[in-house]
Structure formats: C-alpha cells, structure tokens
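Reader: I would like a close look at a single part of this model. Please take one strand together with its surroundings, and then the charged pairs.

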Amino acid sequence: MSTENTLEHKTTKADFDGKQEYTITVYAENRIGLLNRIAIIFSKRKINIESLNTSPSEIDGIHRFNIVIQEGYEVVRKLARQIEKQIEVLKVYFNTNDEIIWQELALYKVSTDEIAEKVTVERLLRQYGASAVVIRKDYTVFAVTGHREETDALVKALEPYELIEFVRSARVAIIKDSAGFHEKLKEFEAFEPGEELVENEFLEKGEKIFTM
C-alpha cells in the first residue's frame, strides 16, 4: 500500500543535524510478531526508539502504534514505507510535534512526611497540576499528564524532597488534521472493493437438487 498521500508535512525548524522529533502512527491488525518485525526495521538502521505505545484504535480489531524517534525527514519517510510493507499494516503516518496533540503520563512517589512538613512540596505539586493517586503513611503517589519537558521539570523540582520513585508512560498522540482513520478506510474500500458475494442459486432448493 502506498504512503504517497501521507507525506505532506509543514516545514518546521530542525536542529543543525537536520533531525527533529517525529511521531510515527501505525494502524495495523494486532498480530503476534508484528511488533518485533517493526522493531527490527529500526534496529537494522541503528535508529533508537524514544517512545512506543500500542493501543486499540477507533476501529474494532485495528490497533494503533505511536512510535517516537529523533531523525531527519527522508529517513522517517523511508521508515514509513518499510513499515507499510508489512502485510498486517493498513496505514502509516508520520508527523512533527506541531502537527499532533500529545500527552504522557508520569507517576511520582514522594515521602508523605515531606509533603506534610514542607509547604514547598505541596505548592510544587499544585503548580504542576499533580493529583494524588495513592496516599499512605510512608509515601504518596502523584500523577501528572503533560509534555516530557513538564514531567522532567517536576522530577528535578522534587529531587531535594525525597523523590522515591518516578516512571513515565509512552506518548499517546492524535493528529490535528486527521478526520480519523475510519474515513481513510472507507476511501480505500471504495477504491479497492472486495470481491462481490456470488449467490448460490441452488442454496435454498435443498433435497430437490441433491436427491437421486
């Protein structure tokens, strides 16, 4: 399946190497071994995957992969073509950060005593929009959603206050200008319809046909 109509992008400022952050969105059937084959495409080219998320999509039976990498336009374009060659893959898109709406979830485990004794910690958590997920005597777990720069900034801010543990999820992203993949699927089915169902004229005649 061609990727020609997925390659339109706005010109954005890249760094001095011509690289920038891209989010590759893959719509595919959720089959065993597909993720491994996609990972091999990146490892063969020595490209590091910064973030990888898989989830169900808006279409029943179709999964969505969000893959974040730091590369140049031509490299990403060729990667998209290679991924689309996989038989289970229906469509691949790639976008720069200004073309998508994206979030990441971060969890922070902080000493409950530190929060109770130091007003600064409570203020920091409010400033970053943190919400309590679990509160125990020995620790409290907070959740924050946002961009990586925001979640990283809170990590640094909490380091002096007994930050016990930190974990961040992979990126989830929605393409700003997309009407939804289900619309593209309708276009594809209209362009390449499946074989028409041929009715069996003898189906309802039963024994009249098959008795001697």
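Author: What follows starts with one strand and its partners and then turns to the salt bridges.

This is a predicted model, in which local features need pLDDT of at least 70 and side-chain atom pairs count only at pLDDT 80 or more, while totals for chains, interfaces and linings use all residues. Residues are numbered from 1 along each chain as its sequence is written, and side-chain values use heavy atoms, with hydrogens and water left out.

The strand is β7, residues 139-146. Helices (H or I, at least four residues) and strands (E, at least two) are DSSP runs, numbered from the N terminus. Seven of the eight residues of β7 are buried, so the strand is largely enclosed by the rest of the structure. Buried means under 20% relative accessible area, exposed over 50%, and partly exposed in between (1.4 Å probe, protein chains only).

Two strands pair with β7, where pairing requires that DSSP finds at least two bridges between them. Strand β5 (residues 100-111) runs antiparallel to β7 over eight bridges, and lysine 109 has valine 141 of β7 as its bridge partner. Strand β6 (residues 131-135) is also antiparallel to β7, over four bridges. Here serine 131 stands opposite alanine 143 of β7. A hairpin of three residues joins β6 to β7.

Now the charged pairs. Side chains of opposite charge can pair when their charged atoms come close. A salt bridge is a side-chain nitrogen of Lys or Arg within 4 Å of a carboxyl oxygen of Asp or Glu, and the structure holds 12 of them.

One of these joins arginine 136 to aspartate 138, with the closest N and O atoms 3.1 Å apart. Arginine 136 is partly exposed at 42% relative accessibility, and aspartate 138 is partly exposed at 41%.

Strand β5, a partner of β7, contains glutamate 104, which forms a salt bridge with arginine 168 at 3.7 Å between the closest N and O atoms. Arginine 168 lies in strand β8 (residues 163-168), so the pair ties together parts that are 64 residues apart in sequence. Glutamate 104 is buried at 2% relative accessibility, whereas arginine 168 is partly exposed at 27%. Glu104 and Arg168 are linked with Arg148 and Asp152 in a network of salt bridges.

Another salt bridge joins the side chains of glutamate 88 and arginine 37 (2.7 Å, N to O). This pair links distant parts of the chain, 51 residues apart: glutamate 88 is in the loop between α2 (73-84) and β4 (89-96), and arginine 37 is in helix α1 (residues 34-44). Glutamate 88 is buried, with a relative accessible area of 8%, and arginine 37 is partly exposed, with 29%.
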